[in-house]
Amino acid sequence: LDIQKEKMGKLIGTQGKTIQAIQQRANNIQMRTPSKEADDDHKFVSVVLQGRAADVFRCAEMVDQVVNICLSVLTLSCLPKDISILQRDSIRTTVPQEVPVDTFKLPKKTDKHPRIVLEGYMEDVCMAYQRIVGEVDRAMRELAEARDMEKLKAISAMRM
């Protein structure tokens, strides 16, 4: 999450109480903030959240309530077996057309460490993520139904 450097004090809070409260409510999240000695030449600083996507979004919303997040970058690791599903047109072309994220990167079969990268306003990144998850779930159901139909056909053919 990129936030304005001048708002870091507000995120930390008096004696660290604000950030501690967020960390307690989002206890499944690992949160890294820049040190006080961070480079002063930049207007924005990065707050890094790690954990399960749903927990990360919930924590990011808490941070956004305290300080407006300027930019969100979501990086999701994925399994190599899921790459073919992610390359379907319903995800590859439709999601970036419907959700205005700045960066929309899907993994390729040749990627050593496949991951999805989404970058933009937090609500757009969240919406793109939800659309991808919905499309992957739909594709997985379709594949399971197709396998079940093949099994039924095979059983039916054996009975004849």
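How many bridges join strand β6 to β7, and in which direction do the two strands run? Before I answer, please keep in mind that what we have in front of us is a predicted model. Strand β6, which covers residues 103–105, is joined to β7 by three bridges, and the two strands run antiparallel. If you would like one pair to look for on the screen, take F104, whose bridge partner in β7 is L118.

Strand β7, residues 115–120, also pairs with strand β5, residues 72–77, and here there are six bridges, again with the strands running antiparallel. Within that pairing, S77 has R115 of β7 as its bridge partner.

Let me turn to the cysteines. How many disulfides does a search of the whole structure find? The count is zero. For C59, the closest cysteine sulfur belongs to C126 and lies 13 Å away, which is too far for a bond. The same separation holds when we start from C126, which is in no disulfide and has the sulfur of C59 as its nearest cysteine sulfur. Both residues are buried, C59 with a relative accessible area of 1% and C126 with one of 14%.

Now to the charged side chains, where a search of the whole structure finds nine salt bridges, and I will go through a few of them. In one, the side chains of R88 and E142 meet, with 3.2 Å from N to O. This pair links distant parts of the chain, since R88 sits in the loop between α4 and α5 while E142 belongs to helix α7, residues 122–159, and the two are 54 residues apart. Both partners are partly exposed, R88 with a relative accessible area of 29% and E142 with 34%.

A second salt bridge, between E135 and R131, has an N to O distance of 3.9 Å, and here both residues lie in helix α7, four residues apart, or about one turn of the helix. Is E135 buried or exposed? At 13% relative accessibility E135 counts as buried, whereas R131, at 25%, counts as partly exposed.

These two pairs should be looked at together, for R88, E98, R131, E135, R138 and E142 are linked in a network of salt bridges.

Finally, K81 forms a salt bridge with D82, and their closest N and O atoms are 3.5 Å apart. In this pair K81 is exposed, with a relative accessible area of 57%, while D82, at 17% relative accessibility, counts as buried.

Note on methods
Residues are numbered from 1 along each chain as its sequence is written. This is a predicted model: local features need pLDDT of at least 70, side-chain atom pairs count only at pLDDT 80 or more; totals for chains, interfaces and linings use all residues. Side-chain values use heavy atoms; hydrogens and water are left out. Two strands pair if DSSP finds at least two bridges between them. A disulfide is a pair of cysteine sulfur atoms within 2.5 Å. Buried means under 20% relative accessible area, exposed over 50%, partly exposed in between (1.4 Å probe, protein chains only). A salt bridge is a side-chain nitrogen of Lys or Arg within 4 Å of a carboxyl oxygen of Asp or Glu.
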